[in-house]
Amino acid sequence: MPSSPNISFVLHDVARLLRKRFEQRSRASGLTRAQWQVLAYLSLHEGIHQNKLADLIEITPITLARLLDKMEASGFIERRPNPTDRRAWLLYLTPQAHPLIEIMRGNGQKTRDEAFVGLSADAQLHLLQTLSLIKSNLLTACAQPAVDREKIHG
């Protein structure tokens with residue numbers, strides 16, 4: 001069965017609207033979306049090297065450095081020296097950040113609950129499995145050079 005030509009647009013819109021709704025719920029915290037993203041990744045990868053975090057979040061290291069400067073000044077993260085590389089810093093959450101992580105998780109769950117109204121637990125699981133497969137397919141494809149088949153066969 002051919003996929004809908006609008007699947008990319010729908011996926012984009014759903015992701016945008018999930019972010020928008022999460023931001024509406026989280027606005028009172030005073031944190032930006034990028035700062036929430038740093039907290040989310042650090043909650044899963046404490047002790048990560050700054051450049052690896054930049055890769056995960058898909059922003060430039062200098063942009064992340066500026067963001068981390070602000071978050072460190074606010075007391076949410078700390079940089080610790082890397083014991084194996086004196087030039088590198090490892091990133092950790094501070095105790096002050098942990099309540100924000102719980103708020104973030106609660107806001108995320110409320111946002112997902114709103115998004116999934118009308119979907120059974122089985123339908124939600126099937127959706128997650130399907131999107132995970134699509135993601136895996138695209139990660140594999142992105143690791144290969146793009147080939148324009150019309151130019152090759154044309």
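Let me begin with a definition: a charge is taken to sit over a ring if NZ of Lys or CZ of Arg is within 6 Å of the ring centre and within 35 degrees of the ring normal. In this model, which is a predicted one, that description applies to Arg-80, which lies over the face of Tyr-92 at 3.7 Å from the ring centre.

With that contact in mind, let me step back to the chain as a whole. Its secondary structure comes to 7 helices and 3 strands, and if you read along the sequence you find them in the pattern α-α-β-α-α-β-β-α-α-α. The C-alpha trace spans about 55 × 45 × 25 Å along its principal axes, and the radius of gyration is 19 Å, where a compact globule of 154 residues would have a value near 15 Å. Of those 154 residues, 23% count as buried, and the accessible surface comes to about 11,400 Å², of which carbon and sulfur atoms contribute 58%. As for the contacts between residues at least 6 apart in sequence, 48% of them join residues at least 24 apart.

Now to the interior. The largest nonpolar core has 22 residues, and the members that touch the most other members are Val-38, Leu-39, Leu-42, Leu-53 and Ile-77. The elements that give two or more residues to this core are helix 2, helix 3 (50–57), helix 4 (61–73), strand 3 (85–93) and helix 5 (98–115). Leu-39 is worth following in detail: leaving aside residues up to four places away in sequence, Leu-39 touches Leu-31, Met-71, Phe-76, Leu-93, Ala-97, Leu-100, Ile-101 and Met-104.

Let me finish with the aromatic rings, where the count comes to 1 aromatic pair. The pair is formed by Phe-22 and Trp-36, whose ring centres are 5.8 Å apart and whose planes stand at 85° to each other; the arrangement counts as edge-to-face because the angle between the planes is over 60 degrees. This pair links distant parts of the chain, with Phe-22 in helix 1 (residues 7–26) and Trp-36 in helix 2 (residues 33–44), 14 residues apart.

Are these two rings buried or exposed? Phe-22 has a relative accessible area of 16% and is therefore buried, since the limit for that class is under 20%. Trp-36, with a relative accessible area of 4%, is buried as well.

How values were computed: Residues are numbered from 1 along each chain as its sequence is written. This is a predicted model: local features need pLDDT of at least 70, side-chain atom pairs count only at pLDDT 80 or more; totals for chains, interfaces and linings use all residues. Side-chain values use heavy atoms; hydrogens and water are left out. Rings of Phe, Tyr and Trp (its six-membered ring) pair if their centres lie within 6.5 Å; planes under 30 degrees apart count as stacked, over 60 as edge-to-face and the rest as tilted. Helices (H or I, at least four residues) and strands (E, at least two) are DSSP runs, numbered from the N terminus. Buried means under 20% relative accessible area, exposed over 50%, partly exposed in between (1.4 Å probe, protein chains only). A nonpolar core is a set of buried Ala, Val, Leu, Ile, Met, Phe, Trp, Tyr and Cys residues joined through side-chain atoms within 4.5 Å. Contact means heavy atoms within 4.5 Å. The radius of gyration is taken over C-alpha atoms; the globule rule is 2.2 Å times the number of residues to the power 0.38. Accessible areas come from the Shrake-Rupley method with a 1.4 Å probe; for residues, only the protein chains shown count as cover.
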